[in-house]
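Walk me through how two helices of this protein meet, and what lies around their contact.

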Amino acid sequence: MAFNAEQNDPAKIDGGAWVELRGAKWLIARSGNAAYREELEALRTNLPESQAERMEAEARALAKGILRGWEDVVDRNGDPIPFTVANATRVLLDNDDLAIELAQESRRREHFRREDIVEQGKKPRQRSSTA
């Protein structure tokens, strides 16, 4: 078996792949995409002084660089929260464990595979018989 060097879908890496977590769907880009790298670089070159400002800047970097959208994210009254960078930053700040989970999911390669590669993994292997 050879290594397939073209197994990732560039559209998913930058545009995102849908992931289900905590009863909602999250459209996440792959960690390391150009937009996220730019956000992290901006954060490094202009690091806020207070811990609260740093946490907000990190949440905003994740909201701008990794999150691309969501479905079924609601407020305490059950009303949908529209996806915007500002809303995403607030949701991530209020749910720091969710931010960690989304960052972890953004590094899972299987989310960003080409569809034909995903389907190949589901096919049963053919075995030859010598009987």
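Met 55, Glu 56, Ala 59, Arg 60, Leu 62, Ala 63 and Lys 64 in helix 3 meet Val 85, Ala 88, Thr 89, Leu 92 and Leu 93 in helix 4. Contact means heavy atoms within 4.5 Å. By class, eight residues of this contact are nonpolar, one is polar and three are charged.

The model is predicted: local features need pLDDT of at least 70, side-chain atom pairs need 80 or more, and totals for chains, interfaces and linings use all residues. Numbering starts from 1 along each chain as its sequence is written, and side-chain values use heavy atoms, without hydrogens and water.

Now the geometry. Helix 3 spans residues 51-65 and helix 4 spans residues 85-94. They pack at an angle of about 125 degrees, with axes 8 Å apart. The two helices are therefore oblique to each other (angles outside under 35, 65 to 115 and over 145 degrees). The crossing is right-handed.

Turn to helix 4. Its buried residues (under 20% relative accessible area, 1.4 Å probe, protein chains only) are Asn 87, Ala 88, Thr 89, Val 91 and Leu 92. They pack against helix 3, strand 3 (67-71) and helix 5 (96-105).

The largest nonpolar core, a set of buried nonpolar residues joined through side-chain atoms within 4.5 Å, has 24 residues. Leu 62 and Leu 92 are among those with the most contacts inside it. Strand 1 (17-21), strand 2 (24-28), helix 3, strand 3, helix 4 and helix 5 each give two or more residues to this core.

Leu 62 also touches Leu 92. Beyond its neighbours within four places in sequence, Leu 62 has other contacts, including Tyr 36, Leu 67, Ala 99 and Ala 103.

Technical notes. Axes are lines fitted to C-alpha atoms, for helices over the stretch in contact, and angles run from 0 to 180 degrees between N-to-C directions. Helices (H or I, at least four residues) and strands (E, at least two) are DSSP runs, numbered from the N terminus. A crossing is left-handed if the near helix is turned anticlockwise from the far one by less than a right angle, and right-handed if clockwise. Ala, Val, Leu, Ile, Met, Phe, Trp, Tyr, Cys and Pro count as nonpolar, Asp, Glu, Lys and Arg as charged, and the others, Gly among them, as polar. Buried means under 20% relative accessible area, exposed over 50%, partly exposed in between (1.4 Å probe, protein chains only).
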